Amino acid sequence: MEAGQSANDAEFAQFARIAYRSLLRTTRLLTGDPHAAENLAQAALRVYLHWEWASTWESPHACTHKVVVNLYATSRRRRWHTDVPYAAAQDRVKEGDMAHGADDKVELAYALHRLPRSQRTVLVLRFYEDLSVEEAAKLLGCSPGTTVKSRTNRALERLRIADALTGYAEGSTQ
Amino acid sequence: MSETNPTEEDPLRRGMHNLADTGENPGTVAVGAVPAPGQRARHLRRVAAACGATTLLIVGGSVIAWKVADAEAPARASVAAPARSTTTPPPPPARTLDPEHYQLGPAHPRTGVRYPFDLTVHCGIHYAEFGSRSWKTDRELKAPQPTPDPKTGVTTVTPILPGYMTLVTAGTARFQMPGFGPVTFHVMDRTAPLCS
């Protein structure tokens, strides 16, 4: 019993080591705040509580990402949730990688931060996680056509209006 | 509904990857820290389950014990009754009155000992002299009517009932006779009066 438990723990620790960095990137995009992102990623690792059934899951990685998205969707009701002001996010972006242009990052981060959660989530799933419309709809538990596509279009429209992608579009042409 | 513009998707993908890579490295926080809360949660759940089970056992045991005790109460009573009958001294044998030797018990009777005693009843059953003290019933009783001798058919009337007297407590004595009684006497603080 104890040997089986420690083997489970070791297996989970290995999974967490591999998956955590990827989870953290996703949660950074979702929350726009590194601290909230770490909280969310850590909270998603609660899959450990059900790890003994992990062998029956289609993919532990996908399952953990689903937990992240669900936690993020309901995070307004959670104690640890903290939406940071834009100014603080802007400072952190400036502290990061300056190679691609801090202004472009700031513009995109700001625009993403102003999107409704549902639209931001759809954008992250579709254009960062590279999920198809159907996969995103399955993960979110909603309709692919009327929900995922419409949210994507509305979100892109807002980004376009905010001129948040200009720097990256120009960068791609250089 | 319009499809997304591919010219917007690629810049968005680049921008998102760029944003996601921004920030500090996560370090090793996830590896060591996560199992511990999970284990704590598991431990707490086990402790809670153990507490719940213990509480259930105690409550259930109490209820069962109470019900069993309740169910056994009549049985114990029915068992106890014969036990009492076995411990109760058998009814005293009938005595024959010997006019030459009246039995009045010892001067200092012991508690619980049944002594042959001839109770004088020619004034009714109200007073007695036993153990050097006078005794009195709560109320005056009538003496039983004499019956004829089954062999001779002769009825002999005597003012004395041959029976047994037992000192129950220091202040209480009981007279017993087959077919009559028992009669309880209480000690008097003075000498019993003579028959009027």
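In this predicted model, B:H126 is buried, because its relative accessibility of 14% lies under the 20% that marks the limit for a buried residue. B:H126 belongs to strand β2 of chain B, and, when residues up to four places away in sequence are set aside, B:H126 touches B:W135, B:K136, B:T137, B:R139, B:E140 and B:F185. Of the 196 residues in chain B, 27% are buried, and B:H126 is one of these buried residues.

Strand β2, which spans residues 125-130, is followed in chain B by a loop that leads to strand β3, residues 133-141. B:S132 is found in this loop, and B:S132 is exposed, because its relative accessible area of 60% is over the limit of 50%. The backbone of B:S132 has a phi near 65°, which is a positive value in a residue other than glycine. Such a value deserves mention because most residues other than glycine have a negative phi.

Chain B as a whole contains three helices and six strands, and, read from the N terminus, its elements follow the order α-α-α-β-β-β-β-β-β. Among the contacts in chain B with a separation of 6 or more, 53% join residues that are 24 or more positions apart. The area that chain B exposes is about 12900 Å², and carbon and sulfur atoms supply 61% of this area.

The confidence of the prediction is described by several values. The average pLDDT of chain B is 76, with 77% of the residues scoring at least 70. Among the elements of chain B, the lowest mean pLDDT, 50, belongs to helix α2 (residues 29-33), whereas the highest, 90, belongs to strand β5 (residues 172-177). Over residues 74-86 of chain B, pLDDT stays under 50, and the model has one contact beyond four places in sequence for this stretch. Where pLDDT is low, the predicted coordinates should not be read in detail. For the complex, the predictor gives an ipTM of 0.74 and a pTM of 0.48.

In chain A, a pair of helices can be described by the angle and the distance between their axes. The axes of helix α3 (residues 60-73) and helix α7 (residues 133-140) of chain A come within 10 Å and cross at roughly 65°. The two helices, α3(A) and α7(A), are therefore roughly perpendicular to each other, because angles of 65 to 115 degrees count as roughly perpendicular. In this contact, A:A62, A:K66 and A:V69 of α3(A) meet A:K138, A:L139 and A:L140 of α7(A). By residue type, the contact of α3(A) with α7(A) consists of four nonpolar and two charged residues, with no polar ones.

The loop between α6 (117-128) and α7 of chain A holds A:D130. This residue, A:D130, is not a glycine, yet its phi is positive, at about 60°. With a relative accessibility of 45%, A:D130 counts as partly exposed, because this value falls between the limits of 20% and 50%.

Another residue of chain A, A:Y110, is found in helix α5, which covers residues 102-114. A:Y110 also counts as partly exposed, because its relative accessibility is 29%. Along the chain, A:Y110 and A:A164 are 54 residues apart, while their C-alpha atoms are separated by 8.2 Å.

Key
Residues numbered from 1 in each chain as written. Chains lettered and ligands numbered in written order. Predicted model: local features only at pLDDT ≥ 70, side-chain atom pairs only at ≥ 80, totals over all residues. Heavy atoms only, no water. Helix = DSSP H or I, 4+ residues; strand = E, 2+ residues; numbered from the N terminus. Buried < 20%, exposed > 50% of the residue type's maximum accessible area, 1.4 Å probe, protein only. pLDDT = per-residue confidence, 0-100. Contact = heavy atoms within 4.5 Å. Axes fitted to C-alpha atoms, helices over the stretch in contact; angles between N-to-C directions. Parallel < 35°, antiparallel > 145°, perpendicular 65-115°, else oblique. Nonpolar A, V, L, I, M, F, W, Y, C, P; charged D, E, K, R; others polar. Areas by Shrake-Rupley, 256 points an atom, 1.4 Å probe, with all protein chains shown as cover.
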